[in-house]
Amino acid sequence: MRRIMLLLLCVVLPLAVFGQTTLNGAGATFPNPMYSKWFSEYHKLHSDVQVNYQPIGSGGGIRQVIAGTVDFGASDMPMTDDQLREAKFKVLNIPTVLGAVVPAYNVPGVTGELKFTPEALAGIFLGKITKWNDKAIASANSGVNLPNQDILVVHRSDGSGTSFIWTDYLSKVSSEWKNLVGSGTSVKWPIGLGGKGNEGVAGSVRQLQGSIGYIELIYAVQNNITYGSVRNAAGNFVKASLEGVTAAAAAAPKMPADFRVSITNAPGKEAYPISSFTWLLIPAQSKDPAKGKILADFLNWMVADGQKMTAALSYAPLPENVAEKVKEAIKQVK
């Protein structure tokens with residue numbers, strides 16, 4: 001009997017290993033906590049599927065998808081026309097959740113929430129507004145004793161989707177910013193110190209008095225970092241929240257068939273103006289048909305059951321109309 005059991009183990013164990021499928025992905029850091037949760041929960045349902053995701057940044061995710069070195073990528077900005085052509089194969093930009101970028105600050109003597117107009121944010125990051133008590137800031141914060149202190153701008157030193165969202169917004173609200181700097185994962189910053197990742201920017205803002213930087217809402221909430229409200233396109237000052245991000249998605253221009261849309265500065269009274277979708281970059285035709293089938297199954301689970309897990313991790317779920325369109329798009333994945 002013992003010999004039979006040993007023989008069975010010798011047969012079953014190799015089969016278990018052989019039946020394991022590993023999907024490799026890389027890209028955006030912003031959705032990493034959500035993706036980690038999803039991949040873990042999906043693995044519980046499908047023990048034969050393991051997902052290995054490396055949060056290396058949106059730019060890295062796009063590059064690796066184009067190179068074909070991963071089964072999927074992730075980005076906080078959709079791929080451009082040039083990038084899609086460079087891929088040599090069809091890549092789907094699948095929206096997964098929504099998030100926001102917030103202005104975080106460290107102003108001596110100011111502990112409450114500051115209000116920022118689009119003009120003030122553009123002026124600060126252009127280096128034209130240099131003091132915290134400048135009229136452009138003070139006029140929106142009556143009753144707040146703002147110090148006559150230099151403003152120290154902190155921005156990302158690495159290419160990132162967070163920078164794209166921030167600069168995309170500034171390009172929409174300031175023609176001067178659009179013409180002088182523009183938008184992108186990496187830009188030539190007019191002023192300021194660079195910090196690597198959200199951790200680097202947040203760390204600098206914490207340590208340097210008079211500083212201001214931009215970080216992702218999820219990171220600010222989880223680390224108790226002070227951030228201000230921003231005047232939206234409707235003229236209301238809105239502090240970033242899941243509700244404000246969802247409102248921005250609902251009020252944004254009609255979602256195109258390929259899901260490549262910007263929702264910064266969206267209309268709507270409750271919309272938070274520096275909001276964005278984040279995307280998974282999925283090859284429509286996988287090199288391995290088995291992996292393509294698993295990807296399609298995961299995406300269908302993500303857009304249904306996975307969306308129910310977003311709020312607990314401070315992400316906003318996809319609007320229902322977008323989720324329905326995503327379900328149709330998933331049918332292309334093979």
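Where in the structure is the place of Asn198? Hold that thought for a moment, everyone, and good morning. The model on the screen is a predicted one, so please keep that in mind as we walk through it. Now, back to our residue: Asn198 sits in helix α9, which covers residues 197–207.

Let's stay with Asn198 a little longer. Is Asn198 buried or exposed? Its relative accessible area is 4%, and a residue counts as buried when that value is under 20%, so Asn198 is buried. Its side chain also has a partner: a polar contact of 2.7 Å links the side chains of Asn198 and Glu216. If we set aside the neighbours within four places in sequence, Asn198 is in contact with Thr29, Arg156, Thr162, Tyr214, Ile215, Glu216 and Tyr219. You can find Glu216, the polar partner, in that group too.

Let's zoom out to the whole protein. How many helices and strands does the secondary structure come to? There are 13 helices and eleven strands. The radius of gyration is 22 Å, and the globule rule gives 20 Å for 334 residues; those values are close, so the protein is as compact as a globular protein of that length. Along its principal axes, the C-alpha trace spans about 85 × 45 × 30 Å. Of the 334 residues, 52% count as buried. And here is a number about how the chain meets itself: take the contacts between residues at least 6 apart in sequence, and 74% of them join residues at least 24 apart.

Next, a pair of helices. When two helices pack together, we describe them by the angle between their axes and the distance between those axes. Here, helix α5, residues 118–126, packs against helix α7, residues 161–173, at an angle of about 115 degrees, and the axes are 10 Å apart. The crossing of α5 past α7 is left-handed. Which residues meet there? From α5 we have Pro118, Leu121, Ala122 and Phe125, and from α7 we have Trp166, Tyr169, Leu170 and Val173. Sorted by class, this contact has eight nonpolar residues, no polar ones and no charged ones.

Why is α5 described as largely enclosed by the rest of the structure? Because eight of its nine residues are buried. The buried ones in α5 are Pro118, Ala120, Leu121, Ala122, Gly123, Ile124, Phe125 and Leu126. Just after α5 comes Gly127, with a positive phi near 85 degrees.

That brings us to backbone angles. Most residues other than glycine have a negative phi. With that in mind, have a look at Asn224: its phi is positive, near 55 degrees, and it is not a glycine. Asn224 is placed in the loop between α10 (217–222) and β9 (229–231). Its relative accessibility is 72%, so it counts as exposed.

Asn265 also has a positive phi near 55 degrees. You'll find Asn265 in the loop between α11 (242–251) and β11 (275–283). At 22% relative accessibility, Asn265 counts as partly exposed.

Thr264 is found in that loop between α11 and β11 as well. How accessible is Thr264? Its relative accessibility is 4%, so Thr264 counts as buried. The side chain of Thr264 makes a polar contact of 3.0 Å with the side chain of Lys172. Leaving out residues up to four places away in sequence, Thr264 touches Ile165, Asp168, Tyr169, Lys172, Pro273 and Ser275. Tyr169 may ring a bell, since we met it in α7 a moment ago, facing α5.

Two more stops before we finish. Ala104 lies in strand β4, residues 91–106. At 1% relative accessibility, Ala104 counts as buried. Not counting residues up to four places away in sequence, Ala104 touches Val205, Ser211, Ile212, Gly213, Ile215, Ile225, Thr226 and Tyr227. Ile215 is also on the contact list of Asn198, where we started. For a sense of distance, Ala104 and Met309 are 205 residues apart in sequence and 27 Å apart in space, C-alpha to C-alpha.

The last stop is Thr80, in the loop between β3 (72–75) and α4 (81–86). At 32% relative accessibility, Thr80 counts as partly exposed. Thr80 and His46 are 34 residues apart in sequence and 34 Å apart in space, C-alpha to C-alpha. Thanks for listening, and please do come and turn the model around yourselves.

Definitions and conventions
Residues are numbered from 1 along each chain as its sequence is written. This is a predicted model: local features need pLDDT of at least 70, side-chain atom pairs count only at pLDDT 80 or more; totals for chains, interfaces and linings use all residues. Side-chain values use heavy atoms; hydrogens and water are left out. Helices (H or I, at least four residues) and strands (E, at least two) are DSSP runs, numbered from the N terminus. Buried means under 20% relative accessible area, exposed over 50%, partly exposed in between (1.4 Å probe, protein chains only). A polar contact is a pair of N or O atoms within 3.5 Å; within protein, one must be able to donate a hydrogen and the other to accept it, and residues adjacent in sequence count only if both atoms are side-chain atoms. Contact means heavy atoms within 4.5 Å. Axes are lines fitted to C-alpha atoms, for helices over the stretch in contact, and angles run from 0 to 180 degrees between N-to-C directions. A crossing is left-handed if the near helix is turned anticlockwise from the far one by less than a right angle, and right-handed if clockwise. Ala, Val, Leu, Ile, Met, Phe, Trp, Tyr, Cys and Pro count as nonpolar, Asp, Glu, Lys and Arg as charged, and the others, Gly among them, as polar. The radius of gyration is taken over C-alpha atoms; the globule rule is 2.2 Å times the number of residues to the power 0.38.
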